[in-house]
Amino acid sequence: MTLLRLDHVFHAFDGQTVVRDVSLTAESGELTCLLGPSGCGKTTLLRITAGLERLQQGRVTLGDRVAADAGTSIDLPAEARGIGMMFQDYALFPHLTLYENIVFGIPARRVDRRQWVGQALDQTGLSSLANSYPHMLSGGQQQRAALLRALAPEPRVLLLDEPFSGLDITLRIQVREEILGFLKQTGVTTLMVTHDPEEAMFMADRVLVMDAGRILQAATPPEIYFNPVNGYVAELFGPINRIPATVVSGAVETPIGRFEAANLTDGTSAQVLIRPEGISLTVTEQDSHRSNTVTVLSARILGRSTSLRLRCRNGANDIELHARIPGVFLPEAGSPVVVGVNPRQAFVFPSR
Ligand code: ATP
């Protein structure tokens with residue numbers, strides 16, 4: 001069931017359009033993640049959804065109720081939307097204890113929610129800190145307290161804006177795992193914003209990839225990884241190899257193999273995008289005439305994987321490829337290696 005829906009939302013600040021025709025849904029009990037670089041319009045979308053930013057064009061629907069419609073005068077105030085929000089800075093009230101912060105937004109008649117807070121404090125390991133003030137808490141504890149405060153009034157939809165950005169990397173990985181478990185247990189419908197692809201992949205049931213005010217792709221994490229709609233989405237997970245090629249008979253030929261391009265017309269000038277982790281390498285003899293043979297330029301161990309630069313002849317030109325091989329694989333510079341490519345990690349798109 002769809003609990004939150006945005007239809008054809010546009011938004012501009014001082015004549016500059018920052019959200020362009022965004023339509024999205026968040027499904028009941030799911031965590032939907034808006035993923036995109038700084039400034040692409042993610043926070044603006046959350047603020048429009050929450051009623052903190054006036055809708056300029058489009059419609060916002062919560063459950064079966066229209067919350068805002070720019071074509072009519074409907075515009076529910078933020079407090080009437082049943083939305084919980086947690087922003088990057090947590091914004092706990094400094095003069096209230098952790099417990100007072102959390103129960104702050106619960107209406108007096110909701111005795112059940114005060115009971116819920118007691119259980120939630122136990123589950124999140126905060127019970128012993130209930131009477132502490134925010135400045136006495138660690139970043140992770142403040143983060144959990146802010147989350148409980150957002151959840152305490154039992155919102156229909158929870159909005160999280162970069163919820164882990166204030167935590168250092170080790171803590172972030174631990175906290176996000178705990179928070180994900182907790183959110184799934186409460187069953188709240190969540191729309192979260194992040195600029196970190198790995199975080200989006202870890203947290204989300206569905207990822208909405210954004211760039212420059214638009215949604216480029218809305219799909220599950222495996223679909224985003226294995227079926228990117230364009231080079232931008234393919235490159236979200238790190239630099240990618242690009243080999244120029246022309247489509248002939250529904251495929252492209254490259255020095256390291258042939259790739260299907262059934263959806264492109266013959267003669268299209270294309271690019272084959274291959275992830276470094278999609279390349280496998282085997283050592284071969286110096287005078288090897290095997291196809292797909294390339295020359296090692298350098299091999300450096302990174303710890304759990306080895307990073308290799310490879311030189312490959314492409315027609316009259318040399319191109320450089322980058323491979324990332326699990327474990328230790330350190331052939332000498334100048335030695336020949338045979339390249340294999342995992343077809344699930346290779347994508348053919350028209351050249352821009
Ligand atoms: P970040 O992660 O850095 O917050 P974001 O993707 O959430 O980025 P937004 O905060 O939605 O992006 O901002 C989108 C664009 O709108 C940016 O160029 C930003 O400078 C601009 N912007 C946001 N709020 C305002 C405002 N109140 N007045 C003018 N411009 C704004």
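I take a polar contact to be a pair of N or O atoms within 3.5 Å, where within protein one must be able to donate a hydrogen and the other to accept it, and residues adjacent in sequence count only if both atoms are side-chain atoms.

I note that this is a predicted model, in which local features need pLDDT of at least 70 and side-chain atom pairs count only at pLDDT 80 or more, while totals for chains, interfaces and linings use all residues. I number residues from 1 along each chain as its sequence is written, and side-chain values use heavy atoms, with hydrogens and water left out.

**Ligand site**

I looked up the residues around the ligand (a heavy atom within 4 Å of it) and found Phe 13, Val 18, Pro 37, Ser 38, Gly 39, Cys 40, Gly 41, Lys 42, Thr 43 and Thr 44. I then took the polar contacts: an N or O atom in the side chain of Thr 43 is 2.6 Å from a ligand oxygen atom, a polar side-chain atom of Lys 42 is 2.9 Å from an oxygen atom of the ligand, and a polar backbone atom of Cys 40 is 3.0 Å from a ligand oxygen.

**Helix 3 with helix 5**

I use DSSP runs for helices (H or I, at least four residues), numbered from the N terminus, and axes fitted to C-alpha atoms over the stretch in contact, with angles from 0 to 180 degrees between N-to-C directions. The axes of helix 3 (residues 111-123) and helix 5 (residues 169-186) come within 12 Å and cross at roughly 150 degrees. The two helices are therefore roughly antiparallel, a term for angles over 145 degrees. In contact (heavy atoms within 4.5 Å), I find Trp 116, Ala 120 and Gln 123 of helix 3 meeting Phe 182, Gln 185 and Thr 186 of helix 5.

**Helix 4 with helix 5**

I read an angle of about 20 degrees between helix 4 (residues 139-151) and helix 5, with their axes 11 Å apart. That makes helix 4 roughly parallel to helix 5, the term for angles under 35 degrees.

Conventions. Angles under 35 degrees count as roughly parallel, over 145 as roughly antiparallel, 65 to 115 as roughly perpendicular and the rest as oblique.
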